[in-house]
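Grab the structure and work through these short exercises. Each one comes with a solution you can follow step by step.

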Amino acid sequence: MTRTRNRIYTISLASLSLLLFAILCLLMTWNKLGDEYAGTDESHLLHQMGGWQIHVGDLEPSASVLASSEDWAAFRGGDSMLDGYQGYYWLRFRLPEQLRDEPNLYVQGFKHVELYAWSGQIYGYNMDRGISLITKELRWGIADLKPEDYGHYLYTRVYQAGGTPADGFYRVGRTESFLTQMLLNDSFRFMSCIVGLVAGMMAFVLYALNRKDPIYLHFALFTVCAAYGSIIRAASLQLFADIPPLVYIQNAALPAGTGALLGFLGETVAGGWRTWFRRLSAAYYGFTVIVIAAAFTDDGLYHRLVEQLFALTAVPLVLFILLGLVRSGLQENRLETRLVMTGIWLLGIFMAVHDIELNYYSITSRLFEPYPVFAGLFKEAFVQLAVLGFVLCLAAVLFVRYAKTHRQVRRYAIELALKNDQLETINAQRAEELRQRTEELQEAIQVALDTVEEIVALEERNRIADEMHDTVGHTLPATIMQMEVTKKLFHTDRDAAMQRLAAAQDLVRSGLDQVRSSVRLMKDEAPAHDLRDAMIVLMRNTTQATQVDIQYRIDPLPQLPPIFGKVLYYALLEGLTNGMRHGRGTRFNCELTVGEDALTLLLQNNGLPYDNASYGFGLTAMNERVQLAGGSLHVSQSEEWGCELRVQLPLASTRGDL
């Protein structure tokens, strides 16, 4: 930190030295030009000569009327007789004969004026009052004089719209001398304006690059206001840009620059002072808008706002700024605060010396007595030097802020590089861990696949057992029953016995066909017959083989998935077999109905009542099939029937799939 501060101080001192050297070279150049100009300048200040007279009121601008008028009184500059006067008045002065060789007249200080000489009207400006926004102190013009005009009166017709009267500034000489002196006097203003505008544009660029730090914007506005205030009072500006309203609103730069300065300080102080500085900055920005609006609407209000109200707040504001900076500096020992304090003290010292120079004692005349032009130009540039020194201190604050930001960026870059290296190391470790986990997972998957193969094989064996039970388990009991009947009828009624034997033979063939069909189903081959027809054939064959009574009602069926047909068919087959074998039923009722969202198979028999016993092998296999299809199976007893089997399969999802 100490090394950085030393660098900052070194750079600041070097910059200040270069600036002072440039100013010294410029002033020496001015002095050289001033010496050359002093040898050739033969202009004369008429307003400092005696013999001026005044006529309050208007006169006809003719030579006879002006010469015959006797209502003329002696006039001296600053006479209070015109205070608050509104209307026309005339001034006259006899041009000395010894100035006959001077061809031009320079006049300044009037808002509405006409000049008349012996030869006639020689100058006029804004007498029709078409332009209202004019700063009369800075308004000037040059008129041509003829040799016959000397020895006669120079008449000045002035219109005054109240306020402070204009005494006027008159100089007789040559145009090139006027302009040369004007440019020499204003050259430092132009230089200050260029420096301020360059600094302001650089600050605007920095703010555009870093919108989160408004200190750059406040500094840019402050330097632009300082540059505008410096160049706008340059008399030679009228040569390049004659825009009276732009000159007239120059006083608005005071509250605007103050608001920018307060905003700048609000970004440098610490604690609660920052909030107060920001609020005052916003208030002065708002006051600037009011001042500009008053400049275009009410001339009196405009001057009262700037010359009275703003002036009243100047001293309390300076005390507030000093208090805030001192308190903030005590809370935090910040280099930025010390730089601002240095700029304020520098500005105060310069302004105090300037006040002493103007009102009490001419310090510059004593210091630069061998170089009078040097001393005069230093007086002209004194305020600009004070503002420029203050701006340099504020620029040093920006430099400190930028250096701090640069250090933070570098520190963040280093930290980011370290974090990036750490991240790469972590990524490498994670990649190695991921590779190891992948290998372990592959091994686990292989073990799981082997286990799944065993489970699939076991499930396949169970499925085959279920299929064999559903097919052979139905036909074999019926065949046995037929053969028992055949044995009983063989000795008594051989024809009937042969019929029973043929029925048993048909049952064996049917069982063989069912076994073959089951084998095809195991190969995921869909049955070739329709479900409704297959169920009707099953019930008819059962009736023929066992002499049981089966009533049925089957609704027209929509297109169903193969698994639904398989589940319903074998559910009917298992229900008939269990009802005859275990329930000893002789009468069955079968209903297959299609609802809005479900397909329901209801099988009832008149056998033994269901006693809520656990499912056997057949019902367990049937329940698994039904659940696999997303349905439900219920076995219960009813009042009319001994046992009731109900199977429900979801129909909505089936239609969506179809």
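**Exercise 1.** Work out what share of the contacts between residues at least 6 apart in sequence join residues at least 24 apart.

*Solution.* Start with pairs whose heavy atoms lie within 4.5 Å. Keep those at least 6 apart in sequence; 74% of these contacts join residues at least 24 apart. Those contacts sit in a predicted model with 18 helices and 15 strands.

**Exercise 2.** Find how much of the protein is buried, and what its exposed surface is made of.

*Solution.* First take the cut-off: buried means under 20% relative accessible area. By that count, 42% of the 658 residues are buried. Now turn to the outside: the protein exposes about 36,700 Å², and carbon and sulfur atoms supply 59% of that area.

**Exercise 3.** Check the span of helix H17, then list its buried residues.

*Solution.* H17 covers residues 617–628, which makes 12 residues. At 1.5 Å a residue you'd expect 16 Å, and the helix reaches 17 Å from its first C-alpha to its last, so close to expectation. Next, the buried set: Gly-618, Leu-619, Ala-621, Met-622, Asn-623, Arg-625 and Val-626. For reading that list, recall that residues three or four places apart in an α-helix point the same way, because there are 3.6 residues a turn. Finally, look past the helix: H17 is followed by Gly-630, with a positive phi near 85°.

**Exercise 4.** Decide how far to trust the model, using pLDDT.

*Solution.* Begin with the overall picture: the mean pLDDT is 79, and 78% of residues reach 70 or more. Then pick out weak stretches. Residues 27–41 stay under 50, with 21 contacts beyond four places in sequence. Residues 524–528 are also below 50, and have 3 contacts beyond near neighbours in sequence.

Notes
Residues are numbered from 1 along each chain as its sequence is written. This is a predicted model: local features need pLDDT of at least 70, side-chain atom pairs count only at pLDDT 80 or more; totals for chains, interfaces and linings use all residues. Side-chain values use heavy atoms; hydrogens and water are left out. Helices (H or I, at least four residues) and strands (E, at least two) are DSSP runs, numbered from the N terminus. Buried means under 20% relative accessible area, exposed over 50%, partly exposed in between (1.4 Å probe, protein chains only). Accessible areas come from the Shrake-Rupley method with a 1.4 Å probe; for residues, only the protein chains shown count as cover. pLDDT is the predictor's confidence in each residue, from 0 to 100.
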